[in-house]
Amino acid sequence: MATQGNSTDNLFSPYKMGRFDLSHRVVLAPMTRCRALNGVPNAALVEYYAQRTTPGGFLISEGTMVSPGSAGFPHVPGIYSEEQVEAWKQVVEAVHAKGGFIFCQLWHVGRASHSLYQPNGGSPISSTDKPISGRWRVLLPDGSHGKYPKPRALEASEISRVVDIYCNSAMNAIRAGFDGIEIHGAHGYLIDQFLKNGINDRTDQYGGSIANRCRFLIAVVKGVISAIGASKVGVRISPAIDHLDATDSDPLTLGLAVVDLLNKLQDENGSKLAYLHVTQPRYHAYGQTESGRQGSDEEEAKLMKSLRMAYNGTFMSSGGFNKELGMQAVQQGDADLVSFGRLFIANPDLVSRFKGDAKLNKYDRKTFYTQDPIVGYTDYSFLAPISRL
């Protein structure tokens, strides 16, 4: 079982995450930004990530496509082509030049896509042929929003090929210089579509029982571990998040089952996973009201604490944190690391602002998913430098 944190620890305490010596616990969360025109990272991404890098700081890239059909947003980067690998090298080099560490988040949205994002206009793949409900809308390439289409349920015989796609992308990320990768198994995307019984209606070995529903995730994690080593692999899950209809009848039991399976994994050298990244149930995307929350604050706290105590390794939390909540989480031993999203969008020097209790810039939600390489992306202000006599 995980040990509780030291009461003297806080967001600014150093932390050893496997083979990485971090200087603080404030992590850049993976966030979709839609600035990689035609799926290829560019100079804007280099500046964006470099701006948010601190010596010994840890960053996780935005969700990065593992295949041409894995996108559900316009102009998100990929890691499946040689052009993309070469382009990512510039981003990684900029982060490393400032002394930071960066993992690449591997992303397949599954049914959370549209025929406009699919090769030859085909149907998105999923665990099911049920579409996402009209409660949600997909962002289309022209900036409008559309209805999610009916997906195609993967045949069991196809799943090993999808696992291979993740493995190849992981190896590409390492070739691009990334320090590791994060497998996105959360927020209603492909892996989560297998995990949650509110989506997964399969009757084969990938559906039904919790063990069966976890089978795809574990196959991906095992494959990636074999490809690049466990110490370079993180996993993100969100058992209690209902984003994109990703509901489960028993999120605590599901989360604990995933944790138990992950705890057992290691590579041939005996190394374990780099970390487990869990989204708080209070998270809500796109600015919708919190009516979609699936339980009371007490239930949410119980779920997160249970997962934290069950996981034998570095535990990262995300979802609705500010400085006060982040400090609390680390000091109380509820998390080793805390990832910040929207606050980091608007405050490239978030760590410095937190340390100095400085006022934070406000984020502009209207510019989260535009293609402008500057506005709402790299133009947020830094703290004025202190003049020295």
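This tour proceeds through the structure by selection, from the confidence of the model to the barrel and then to three helix pairs.

**Confidence**

The structure is a predicted model, so colour the protein chain by pLDDT as a beginning. The mean pLDDT of the chain is 94, and 93% of its residues reach 70 or more. Among the elements of the chain, strand 5 has the highest mean pLDDT, at 99. The lowest mean, 90, belongs to helix 8, residues 297-310. Next, select residues 286-294. Over this stretch pLDDT stays under 50, and the model has 21 contacts for it beyond four places in sequence.

**The barrel**

Display the strands alone. How many strands close into the barrel? There are 8, in the order 3-4-5-10-11-12-13-14, and their pairing is parallel. Neighbouring strands of this sheet are turned by 25 degrees against each other on average, direction ignored.

For a view of one pairing, select strand 11 (residues 233-237) and strand 12 (residues 275-279). The two pair in the parallel sense over 4 bridges. Within this pairing, Ile237 stands opposite Val278 of strand 12.

Now add helix 3, residues 159-175. Helix 3 packs on the sheet and touches strand 5 (101-107) and strand 10 (180-185). The direction of helix 3 makes about 155 degrees with that of strand 5.

**Helix 3 and helix 6**

Keep helix 3 selected and add helix 6, residues 215-228. The axes of these helices come within 9 Å and cross at roughly 40 degrees, and the crossing is right-handed. To see the contact, show the side chains on both helices. Helix 3 contributes Ile159, Val162, Val163, Tyr166, Cys167, Ala170, Met171 and Ile174. From helix 6 come Phe216, Ala219, Val220, Gly223, Val224, Ala227 and Ile228. By class, the residues of this contact are 14 nonpolar, 1 polar and no charged.

**Helix 1 and helix 2**

Proceed to helix 1 (residues 43-51) and helix 2 (residues 82-97), whose axes come within 8 Å and cross at roughly 25 degrees. Angles under 35 degrees count as roughly parallel, so helix 1 is roughly parallel to helix 2. Their crossing is right-handed. On helix 1, select Leu45, Val46, Tyr49 and Ala50; these meet Trp88, Gln90, Val91, Ala94 and Val95 in helix 2. The contact of helix 1 with helix 2 holds 8 nonpolar residues, 1 polar and no charged.

**Helix 7 and helix 8**

The last selection is helix 7 (residues 251-263) together with helix 8. Their axes come within 9 Å and cross at roughly 15 degrees; the two helices are therefore roughly parallel to each other. Helix 7 passes helix 8 in a right-handed crossing. Which residues make the contact? On helix 7 they are Pro251, Leu252, Gly255, Leu256, Val259 and Asn263, and on helix 8 they are Lys302, Leu303, Ser306, Leu307 and Ala310. This contact of helix 7 with helix 8 has 7 nonpolar, 3 polar and 1 charged residues.

Methods:
Residues are numbered from 1 along each chain as its sequence is written. This is a predicted model: local features need pLDDT of at least 70, side-chain atom pairs count only at pLDDT 80 or more; totals for chains, interfaces and linings use all residues. Side-chain values use heavy atoms; hydrogens and water are left out. Two strands pair if DSSP finds at least two bridges between them. Axes are lines fitted to C-alpha atoms, for helices over the stretch in contact, and angles run from 0 to 180 degrees between N-to-C directions. Contact means heavy atoms within 4.5 Å. pLDDT is the predictor's confidence in each residue, from 0 to 100. Angles under 35 degrees count as roughly parallel, over 145 as roughly antiparallel, 65 to 115 as roughly perpendicular and the rest as oblique. A crossing is left-handed if the near helix is turned anticlockwise from the far one by less than a right angle, and right-handed if clockwise. Ala, Val, Leu, Ile, Met, Phe, Trp, Tyr, Cys and Pro count as nonpolar, Asp, Glu, Lys and Arg as charged, and the others, Gly among them, as polar.
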